[in-house]
Amino acid sequence: MTEFDQNQMDNGNETMEDVMNSVQEVKAGDIVKGEVLAVEDKQVIVGIEGAGVEGVVPAKELSTLPVDDVNELVKVGDVLDLVVITEIGKDKENGSYLLSKRRLDAKKVWEDIEKDFQEGKIIEAPVTGVVKGGLVVDVGVRGFVPASMVEDHFVADFSDYKGQTLAFKIIEIEPSENRLILSHKAVVEADKEEKKKELLSELHEGDVVTGKVARLTDFGAFVDLGGIDGLVHVSEISHSHVAKPGDVLSVGDEVQVLILSINPDAERISLSIKDTLPGPWTDIEDKAPVGAVLDGVVKRLTSFGAFVEVFPGVEGLVHISQISHKHIATPHEVLTEGDEVRVKVLEVNPTEHRIALSIKALEEKPASEQEPKDIETYELPEENTGFTMGDILGDALKNSDEE
C-alpha cells in the first residue's frame, strides 16, 4: 500500500474493502485532482484522488511557460488539477500514470480565447519574442502577430516591442493546431476611428485650432488636428502667393488653422492658415501713411494707370497722370510689368482697400513742362478698379470745378 493510500484510509474509518470498492478507474484523457507528495528536480509525484494510485508530472508539464525551478511552482500538499496523458509501467501495485497540468491549463486558455474571439473582445498580452515574420506573444498559449498586423504604418525594427504588453484583436484561432493569430494594428485603427468620431463631434466651422503639418502635397498641406487630418489648400496658406506648400511649410510644423468646413460623413475638413494671420491691409495706415515713400513692383498695366504692389497682397494705383511729368498716351510707354519702382503715397482708404500712389511726385519736374489743365486729356478706366472718377481725376477735377 502506498503512502497516499494509507493517508486516504487514515483520514476516515474506511476498511480496506471500502477503499477498494471506491477506487475509480483512471484512463488517458481523464481530468483528475492530484495531491503533491514529493517535489523532485525534474518532476513532481502526486497521489490521484479517488483512484488510490500515484502519478508523475514532468517539469515541462507543470506550466505553459519554461520552468527553471520546480519548487517555485508547487510544494508538498498542493492539490493540482491535472489531465491524464497515459499509463506508464505496471511495476507498482496499482500502476503509475503520466499527468500534465500544462495541457489542462492550455485547454482552459484555448476555451477562454475562443470565447473572447466569438464575442469580439480585445485581449492584452506581453510580447515574449521577436522573429523574422513578426512578434510572439504569451496569452497562456503561444500567439503570433504577423509583421503586417503590428502597426498601421511601416516598422523597420521590432526589437523595441519585446517585453511590452499590448492590446490585440483575435484574427484567427485553431486550438487543434495550436494556431493563434493576433493583430495590434486592428486595435490601433479602431482607436483612431473612435477618436475621429469624437473629434468630429467637437469641431465646428469657424473654430481656430492648433495642429501639426502631417503631409505636404503639390495642392496643399494636411494638418493633424489630434486624430484626424484636415486640408489646407495651397491658396489658403498665405495672403501672398505660394507656388508650392513646401516653400513655406515643413512636416512637423505647428500651425494655427481656421476651420472653413466639415463633412462628417466623408471625414473631410477644409482649413485655412491665412485666415488666422493678419491680413495684408491690416494697419495699412501705419505701414503706408500719406506721404510715405515705398518700393514696389508693377503688377498690372491698364489704359488709365499702373497697379503697383507695395506689400505682399497690397496693390495701389498710380494713375496715368501720376506716372510722369511728361504727357503719355498709355502707361506702357514708360512702364513694364515687373518693373521695380519707388512711389509716394497720396491717399489711403483702408475700408475700401485702396491706395493712391504717385511716381512723378518723386521726380524733379522739368522746367519746360506745364501741368495739363484740360481734364479731357484723362481717360476713363477700362475695368472696375474700385476707384471712383474723383479718385482717378484727383486735383485736376477739383481745379476744374473751381474755374
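Reader: Let's start in a loop. What lies 2.9 Å from the backbone nitrogen of Lys75?

Author: A polar atom of the side chain of Asp78. This is a predicted model, by the way, and the distances here are computed from it. The cut-off for a polar contact is 3.5 Å, so 2.9 Å qualifies.

Reader: Where are Lys75 and Asp78 found?

Author: Lys75 is in the loop between E3 and E4. Asp78 lies in the loop between strand E3 (53–58) and E4 as well.

Reader: Why is Lys75 called what it is called, buried or exposed?

Author: Its relative accessible area is 55%. Exposed means over 50%, so Lys75 counts as exposed.

Reader: And what do Lys75 and Asp78 touch, leaving aside neighbours within four places in sequence?

Author: Lys75 touches Val36 and Val39. Asp78 is in contact with Gly34, Glu35, Val36 and Leu73. Val36 turns up for Lys75 and again for Asp78. As for Glu35 and Lys75, they are 40 residues apart in sequence, with 9.7 Å from C-alpha to C-alpha.

Reader: On to the helices. How do you know that the span of H3 agrees with what a helix should give?

Author: H3 covers residues 102–119, which makes 18 residues. At 1.5 Å a residue, the expected span is 26 Å, and the end C-alpha atoms are 26 Å apart, so the two agree. The expected value uses one less than the number of residues.

Reader: Which residues of H3 are buried, and what do they pack against?

Author: The buried ones are Leu104, Ala106, Val109, Trp110, Ile113 and Asp116. To be called buried, a residue needs a relative accessible area under 20%. They pack against strands E1 (31–39), E4 (79–88), E5 (96–100), E6 (122–131), E9 (165–174) and E10 (179–183).

Reader: What follows H3?

Author: Gly120, with a positive phi near 70 degrees.

Reader: And what comes before H3, in the loop between E5 and H3?

Author: Lys101 lies there. Its side chain makes a polar contact with the side chain of Asp105, at 2.7 Å; that is within the 3.5 Å limit.

Reader: What makes Lys101 partly exposed?

Author: Its relative accessible area is 22%. Buried stops at 20% and exposed begins over 50%, so a value in between is called partly exposed. Leaving aside neighbours within four places, Lys101 is in contact with Val57, Glu61, Leu62, Leu80, Asp81 and Leu82. Lys101 and Leu82 are 19 residues apart in sequence and 4.7 Å apart in space, C-alpha to C-alpha.

Reader: How do you know that helix H4 agrees with its expected span?

Author: H4, residues 185–202, has 18 residues, so it should span 26 Å; its end C-alpha atoms are 26 Å apart, which agrees. Its buried residues are Val187, Val188, Leu199 and Leu200. These pack against E6, E9, E10, strand E14 (254–263) and strand E15 (268–272).

Reader: What is the phi of Asn178, and where is the residue found?

Author: Phi is near 50 degrees, a positive value in a residue other than glycine. Asn178 is found in the loop between E9 and E10. At 56% relative accessibility, it clears the 50% mark and therefore counts as exposed.

Reader: Why is His353 called partly exposed?

Author: Its relative accessible area of 44% falls between 20% and 50%, hence the name. His353 also has a positive phi, about 55 degrees, although it is not a glycine. It lies in the loop between strand E19 (340–349) and strand E20 (354–358).

Reader: Now the rings. How many aromatic pairs are there?

Author: The count comes to 3. One of them is Phe304 with Phe307.

Reader: What makes that pair edge-to-face?

Author: The centres are 6.3 Å apart, inside the 6.5 Å limit, and the planes meet at 85 degrees, above 60, so the pair is edge-to-face. Phe304 and Phe307 are both buried.

Reader: Which charged end sits over the ring of Phe307?

Author: That of Arg300, 4.2 Å from the ring centre. Lys287 lies over the face of Phe311, at 5.3 Å from the ring centre. The distance limit is 6 Å, so both values pass it.

Note on methods
Residues are numbered from 1 along each chain as its sequence is written. This is a predicted model: local features need pLDDT of at least 70, side-chain atom pairs count only at pLDDT 80 or more; totals for chains, interfaces and linings use all residues. Side-chain values use heavy atoms; hydrogens and water are left out. Helices (H or I, at least four residues) and strands (E, at least two) are DSSP runs, numbered from the N terminus. Buried means under 20% relative accessible area, exposed over 50%, partly exposed in between (1.4 Å probe, protein chains only). Contact means heavy atoms within 4.5 Å. Rings of Phe, Tyr and Trp (its six-membered ring) pair if their centres lie within 6.5 Å; planes under 30 degrees apart count as stacked, over 60 as edge-to-face and the rest as tilted. A charge sits over a ring if NZ of Lys or CZ of Arg is within 6 Å of the ring centre and within 35 degrees of the ring normal. A polar contact is a pair of N or O atoms within 3.5 Å; within protein, one must be able to donate a hydrogen and the other to accept it, and residues adjacent in sequence count only if both atoms are side-chain atoms.
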